[in-house]
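Q: I have a new structure in front of me and would like to learn how to read it. Could you walk me through it feature by feature?

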Amino acid sequence: MTEAATRLSMTTQQRRAIVVLSMAAVAAILLVVTAVACGYRINLTPSEPLGLWRIIPLHRPAAVDDLLFICPPETAAMQAARARGYLRSGYCPGGVAPLIKTVIAVAGQHVEIGVSVSVDGRGVSSSSLALRDGKDRPLTPFPSGIVPPGYVFLHSAFPGSYDSRYFGPVPISGILGLAQEVFTYVP
């Protein structure tokens, strides 16, 4: 084989490789777009098990013990949380990812925030408050009070979770649906 033929052969192999890689990339992109359109999300935060989740439409008012996907509101507290790295990038308003949290109180319920959280006088398990985050920055608990109409109070049992203990109730308008585990694991 001559040197010119070898160069031509390598060029043909490189073209084939580029075509195959391009097709694989397009297939991967289509798979991701289809998964997102069908409500599938990947959770990479420790507040809930890591892995593949699905958003199930919620055709009723949110209730206590519902595990939800919810977009946090664009508030000063959320902007500060984003700046501190508590919230990941995503498609919710403010450019953050939806939260996966459990509803522990709905409109009209009284939430007391002290050393831990209680709702209507009943203690919430795994709700101790942290005074400082993992980087030794101060955390300020949200004031106690009644959950207003159109809002829910969210919680995660994960000790380092940033939830309503710190940012308060969130509007139900941000609810994307129920969070359903598809393929998850707890590290």
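A: Gladly! Let's begin with two strands. Strand β1 and strand β2 (residues 50-56) run antiparallel and are joined by four bridges. One residue pair to look for is Asn43, whose bridge partner in β2 is Gly51. Please keep in mind that this is a predicted model.

Q: What is the order of the strands in the open sheet of seven strands?
A: Here is the general idea: strands of a sheet pair through backbone hydrogen bonds, and the pairing is either parallel or antiparallel. In this structure the open sheet runs β1-β2-β12-β3-β5-β10-β11, with antiparallel pairing. At the edges stand β1 (40-43) and β11 (170-171); each has a single partner strand, so one side of each lacks a neighbour in the sheet.

Q: Which strands does β5 pair with?
A: β5 is joined to β3 by four bridges, and the two run antiparallel. On that side, Leu68 has Lys101 of β5 as its bridge partner. Four bridges also join β5 to β10, again antiparallel. There, Thr102 is matched with His155 in β10.

Q: Is strand β5 (residues 99-106) mostly covered or mostly open, and how many of its residues are buried?
A: Mostly covered: of the eight residues in β5, six are buried. For the whole protein, buried residues make up 34% of the 187 residues.

Q: Which residues touch the most other members of the largest nonpolar core?
A: The general idea first: in soluble globular proteins, nonpolar side chains tend to be buried together. In this model the largest nonpolar core has 29 residues, and those touching the most other members are Ile70, Val111, Val117, Val152 and Phe153. Two or more residues come from each of β3, α2, β5, β6 (110-113), β7 (117-119), β10 and α3. The largest share, four residues, is given by β5.

Q: What is Val111 in contact with, beyond its neighbours within four places in sequence?
A: With those neighbours left aside, the contacts of Val111 include Ala105, Val117, Val119, Val147 and Phe153. There is also a second, separate core of six residues, and among them are Trp53, Leu67, Phe69 and Ala179.

Q: Let's turn to the disulfide. Which cysteines form it, and how far apart are their sulfur atoms?
A: The structure holds one disulfide. Cys71 and Cys92 form it, with their sulfur atoms 2.0 Å apart. The torsion about their S-S bond is about -70 degrees, so this disulfide is left-handed. Cys71 sits in the loop between β3 (67-70) and α2, while Cys92 belongs to strand β4, so the pair ties together parts that are 21 residues apart in sequence. Both Cys71 and Cys92 are buried.

Q: Where does Pro72 lie, and is Pro72 buried or exposed?
A: Pro72 is in the loop between β3 and α2. With 3% relative accessibility, Pro72 counts as buried. Setting aside neighbours within four places in sequence, Pro72 is in contact with Met78, Cys92, Pro93, Val96, Ala97 and Leu99. From Pro72 to Pro98 is 26 residues in sequence, yet 6.8 Å in space, C-alpha to C-alpha.

Q: How many aromatic pairs are there?
A: A pair of aromatic rings is described by the distance of the centres and the angle of the planes. Here the count comes to three aromatic pairs. One of them is formed by Tyr86 and Tyr162, a tilted pair at 4.7 Å centre to centre with 45 degrees between the planes. This pair links distant parts of the chain, 76 residues apart: Tyr86 is in the loop between α2 (76-84) and β4 (89-92), and Tyr162 is in the loop between β10 (151-155) and α3 (164-167).

Q: What are the relative accessibilities of Tyr86 and Tyr162?
A: Tyr86, at 25% relative accessibility, counts as partly exposed. Tyr162 has a relative accessible area of 14% and is buried. The ring of Tyr162 also pairs with that of Phe167: their centres are 5.3 Å apart and their planes stand at 55 degrees, so this pair is tilted. Taken as a cluster, ring pairs link Tyr86, Tyr162, Tyr166 and Phe167.

Technical notes. Residues numbered from 1 in each chain as written. Predicted model: local features only at pLDDT ≥ 70, side-chain atom pairs only at ≥ 80, totals over all residues. Heavy atoms only, no water. Buried < 20%, exposed > 50% of the residue type's maximum accessible area, 1.4 Å probe, protein only. Phe/Tyr/Trp six-rings, centres within 6.5 Å; stacked < 30°, edge-to-face > 60°. Disulfide = S-S within 2.5 Å. Contact = heavy atoms within 4.5 Å. Pairing = 2+ DSSP bridges. Core = buried A, V, L, I, M, F, W, Y, C linked by side-chain atoms within 4.5 Å.
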